[in-house]
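Colleague: I should be grateful for a close look at a single part of this model, namely the surroundings of the ligand. Please then follow the chain outwards from there, as far as the details allow.

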Amino acid sequence: MSNTITEKKNAALKAVEQVQSGMILGLGTGSTAYFAIEAIGEQWQAGTLTDIQAIPTSEATAKQASSYGIPLLELADVDRIDLTIDGADEFDPQLRLIKGGGGALFREKLVAFASDKMLIISDASKEVQYLGAFPLPVEVLPKAIRLVQRVLTEKNCQPVLRKQKDGSPYLTDNQNYILDCHLGKIDNPEQLDLMLHLVPGIVETGLFLGLATQVIVGQGDDVKVFE
Ligand code: 5RP
């Protein structure tokens with residue numbers, strides 16, 4: 001197993017230690033969250049974890065969780081979620097995140113916001129001093145794509161429409177587009193997020209601010225926990 005994969009798996013297994021029977025869980029999306037869902041699924045099938053229900057953040061996660069027979073809920077069915085485990089594309093020392101590399105940012109943010117605890121699991125490469133080297137994903141209503149692209153270009157966000165291999169626009173699970181904003185270094189994530197939310201047509205941003213309660217990072221064979 002490569003170092004990065006080992007780090008992702010170790011972080012995921014550490015986070016799953018906090019999962020208890022009876023919980024309503026939020027299940028994230030991506031290659032790191034995959035290992036957490038796998039571990040939860042195995043414990044569910046072994047009967048060591050009972051009476052859990054889960055809200056998936058993407059169709060891919062719903063499919064993986066269903067393959068273990070984990071009972072699924074819609075976010076609309078619950079007032080709150082006990083614990084969510086998800087990955088991230090970047091995290092800074094204040095546990096602010098960029099997410100959405102996998103395109104699931106909107107549902108991920110809804111689930112994170114509804115969660116009492118949000119555990120981020122990561123390999124060591126995602127730790128940064130400043131957010132922004134990873135292009136910030138912004139989910140946009142298709143109708144508004146040209147308007148939003150123009151506004152974000154004028155604001156120096158360098159938006160690039162995410163595309164599929166065949167050149168057609170990438171569509172999220174909500175049938176929206178994604179603009180990846182090449183910002184380099186984000187000086188003030190809170191201010192940027194407010195500005196983006198004022199542009200009509202932007203559905204959600206990949207900035208997750210004040211939402212992560214812990215970041216659990218695989219580092220070589222060790223695991224480090226940031227609170
Ligand atoms: C998906 C996400 C993922 O959590 C993020 O892209 C990290 O993915 P991975 O664990 O595969 O590196 O935000 O929308």
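Modeller: The account below begins at the ligand and moves on to the strands and to selected residues.

The model is predicted, and every value given here is to be read in that light. The shell around the ligand comprises 18 residues, of which Ser31, Thr32, Asp89, Gly100 and Lys126 are the closest. Sorted by class, this shell holds nine polar, six charged and three nonpolar residues. Two helices, H2 (31-46) and H4 (105-113), each contribute at least two residues to the shell.

Several polar atoms of the protein can be placed relative to oxygen atoms of the ligand. Glu108 brings a polar side-chain atom to 3.0 Å from a ligand oxygen. For Ala104 it is a backbone N or O atom that lies 3.0 Å from an oxygen atom of the ligand. A polar backbone atom of Gly102 is 3.4 Å from a ligand oxygen. Taken alone, the ligand would expose 380 Å², and the protein buries 91% of that area.

Glu108 also leads to Asp86, since Glu108 is one of the residues in contact with Asp86. Asp86 belongs to strand S3, which covers residues 81-86. Is Asp86 buried or exposed? With a relative accessibility of 1%, Asp86 falls under the 20% limit and therefore counts as buried. The side chain of Asp86 makes a polar contact with the side chain of Lys99, at 3.1 Å. Beyond its neighbours within four places in sequence, Asp86 touches Gly28, Thr29, Ala33, Lys99, Glu108, Met118, Leu119, Ile120 and Ile121.

Ala104 provides a second route away from the ligand, as Ala104 is in contact with Ser58. Ser58 sits in the loop that connects strand S2 (53-56) to helix H3 (59-67). Its relative accessibility is 5%, so Ser58 counts as buried. The side chain of Ser58 comes to 3.1 Å from the backbone nitrogen of Thr61. When neighbours within four places in sequence are set aside, the contacts of Ser58 are Thr29, Ala104 and Asp173. Thr29 is therefore listed for Ser58 and also for Asp86.

The strands may be taken next, beginning with the one that holds Asp86. S3 pairs with strand S6 in the parallel sense over five bridges, and Ile81 stands opposite Ser115 of S6. Strand S6 (residues 115-123) is mostly covered, with seven of its nine residues buried. S6 and strand S12 (residues 214-219) also run parallel and are joined by five bridges. In that pairing, Leu119 has Gln214 of S12 as its bridge partner. Leu119 is also among the contacts of Asp86.

A further group of strands forms an open sheet of three, in the order S4-S5-S11, with antiparallel pairing. Strand S4 (90-91) and strand S11 (207-208) stand at its edges with a single partner strand each, so one side of each has no neighbour in the sheet. S4 pairs with S5 (residues 97-98) over two bridges in the antiparallel sense. Glu90 stands opposite Ile98 in S5. As a general point, the strands of a sheet pair through backbone hydrogen bonds, in either a parallel or an antiparallel sense.

Strand S9 (residues 177-181) extends the picture, for five of its five residues are buried. In a regular strand, the side chains alternate between the two faces of the sheet. In S9 both faces are covered: Tyr177, Leu179 and Cys181 are buried on one side, and Ile178 and Asp180 are buried on the other. S9 is joined to strand S7 (residues 136-140) by five bridges in an antiparallel arrangement, where Leu136 stands opposite Cys181. Three bridges link strand S8 (residues 159-161) to S9, and these two strands also run antiparallel. Within this pairing, Pro159 has Cys181 as its bridge partner.

Gln191 gives a contrast to the buried residues described above. This residue is found in helix H6, residues 189-197. At 54% relative accessibility, Gln191 counts as exposed. Gln191 and Gly218 are separated by 27 residues in sequence, and their C-alpha atoms are 31 Å apart in space.

Terms used:
Residues numbered from 1 in each chain as written. Predicted model: local features only at pLDDT ≥ 70, side-chain atom pairs only at ≥ 80, totals over all residues. Heavy atoms only, no water. Near = heavy atom within 4 Å. Polar contact = N/O pair within 3.5 Å; in protein donor to acceptor, adjacent residues only side chain to side chain. Areas by Shrake-Rupley, 256 points an atom, 1.4 Å probe, with all protein chains shown as cover. Helix = DSSP H or I, 4+ residues; strand = E, 2+ residues; numbered from the N terminus. Nonpolar A, V, L, I, M, F, W, Y, C, P; charged D, E, K, R; others polar. Pairing = 2+ DSSP bridges. Buried < 20%, exposed > 50% of the residue type's maximum accessible area, 1.4 Å probe, protein only. Contact = heavy atoms within 4.5 Å.
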